[in-house]
Amino acid sequence: VFDDERDGYGYTKGVYAYMHLWLKGGVLRCEKEGQFVSANLVERVVVLAEKAPTKVSVTMDGVTRPLEFSYDAEKKLVTIRKPEVRMTGNWEIRME
């Protein structure tokens, strides 16, 4: 995911953020590359999963807190509500 000041030229000055996202073993990790910091927050995350997790938590800046989630067994989707982490941050969401 790429983000910048939306002026079309931030990347030329190094003022951008490129977020690498990985999902492995029930952990969704976001690692940021670049200098840009955005106020934009992640509103929700939807993940395809064979079974419902028993708990979901988010960690950012060394602080871990529980998150609300629901599971749609028919569609096999976990919907994680309001992780409220910065899109241009380093964070992880853990589904157990």
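Which residue takes a positive phi in the hairpin of S5 and S6? Asp61 does, with a phi near 55 degrees, and the hairpin has two residues between its strands. The views below start with the whole predicted model and come back to this turn along the way.

**View 1. The protein chain is built from nine strands and zero helices.** Welcome to the overall picture. Going along the protein chain from the N terminus, the elements read β-β-β-β-β-β-β-β-β. The C-alpha trace spans about 45 × 30 × 20 Å along its principal axes. Of the 96 residues in the protein chain, 32% are buried.

**View 2. Six strands make up an open sheet with antiparallel pairing.** To find your way across this sheet, follow the order S1-S2-S3-S9-S5-S6. Strand S1 (2-4) and strand S6 (63-66) are the edge strands, and each of them pairs on one side only. From one strand to the next, the twist averages 20 degrees. As general background, side chains in a regular strand alternate between the two faces of the sheet.

**View 3. Strand S5 pairs with S9 and with S6.** This view is centred on S5, which covers residues 56-60. Five bridges join S5 to strand S9 (residues 91-95), and these two strands run antiparallel. Four bridges join S5 to S6, again in the antiparallel sense. Ser57 is a handy place to see both pairings: Arg94 in S9 stands opposite Ser57, and the bridge partner of Ser57 in S6 is Pro66. One step along, Val58 stands opposite Arg65 in S6. Met60 faces Trp91 of S9 as its opposite residue. Is S5 enclosed or open? Four of its five residues are buried, so S5 is largely enclosed by the rest of the structure.

**View 4. Asp61 sits in the loop between S5 and S6.** Here is the residue from the opening question, seen close up. Its positive phi, near 55 degrees, belongs to a hairpin with two residues between the strands. Is Asp61 buried or exposed? Asp61 has a relative accessible area of 60%, and because exposed means over 50%, Asp61 counts as exposed. Another residue to look for in this view is Trp91: the C-alpha atoms of Asp61 and Trp91 are separated by 7.4 Å, although the two residues are 30 residues apart along the chain.

**View 5. Phe2 and Tyr16 form a stacked aromatic pair.** How many aromatic pairs does a search of the whole structure find? The search finds one. The ring centres of Phe2 and Tyr16 lie 5.9 Å apart and the ring planes meet at 10 degrees, so the pair is stacked. The pair links distant parts of the chain, with Phe2 in strand S1 and Tyr16 in strand S2 (residues 16-24), 14 residues apart. Both partners can be described by their accessibility: Phe2 is partly exposed at 46% relative accessibility, and Tyr16 is partly exposed at 22%.

**View 6. Three strands make another open sheet, in the order S4-S8-S7.** The pairing in this sheet is antiparallel. Strand S4 (44-48) and strand S7 (68-72) are its edge strands, each pairing on one side only. The twist averages 15 degrees from one strand to the next. Look next at S4 and strand S8 (residues 77-81), which pair in the antiparallel sense over five bridges. Along this pairing, Val78 in S8 is the bridge partner of Val47.

**View 7. The largest pocket holds about 160 Å³ of space.** Which residues line this pocket? The lining is made by Leu23, Gly26, Val47, Leu48, Ala49, Lys51, Ala52, Pro53, Thr54, Val78, Met95 and Glu96. By character, these residues divide into eight nonpolar, two polar and two charged. Two names here may be familiar from the view before: Val47 and Val78 are among the lining residues, and they are also bridge partners.

Conventions
Residues numbered from 1 in each chain as written. Predicted model: local features only at pLDDT ≥ 70, side-chain atom pairs only at ≥ 80, totals over all residues. Heavy atoms only, no water. Pairing = 2+ DSSP bridges. Axes fitted to C-alpha atoms, helices over the stretch in contact; angles between N-to-C directions. 1 Å grid on protein atoms, 1.4 Å probe; cavity = no way out; pocket = protein on both sides within 12 Å on 5 of 7 lines; lining within 4 Å. Points joined across faces, edges and corners; volume = space filled by probe spheres on them. Nonpolar A, V, L, I, M, F, W, Y, C, P; charged D, E, K, R; others polar. Phe/Tyr/Trp six-rings, centres within 6.5 Å; stacked < 30°, edge-to-face > 60°. Buried < 20%, exposed > 50% of the residue type's maximum accessible area, 1.4 Å probe, protein only.
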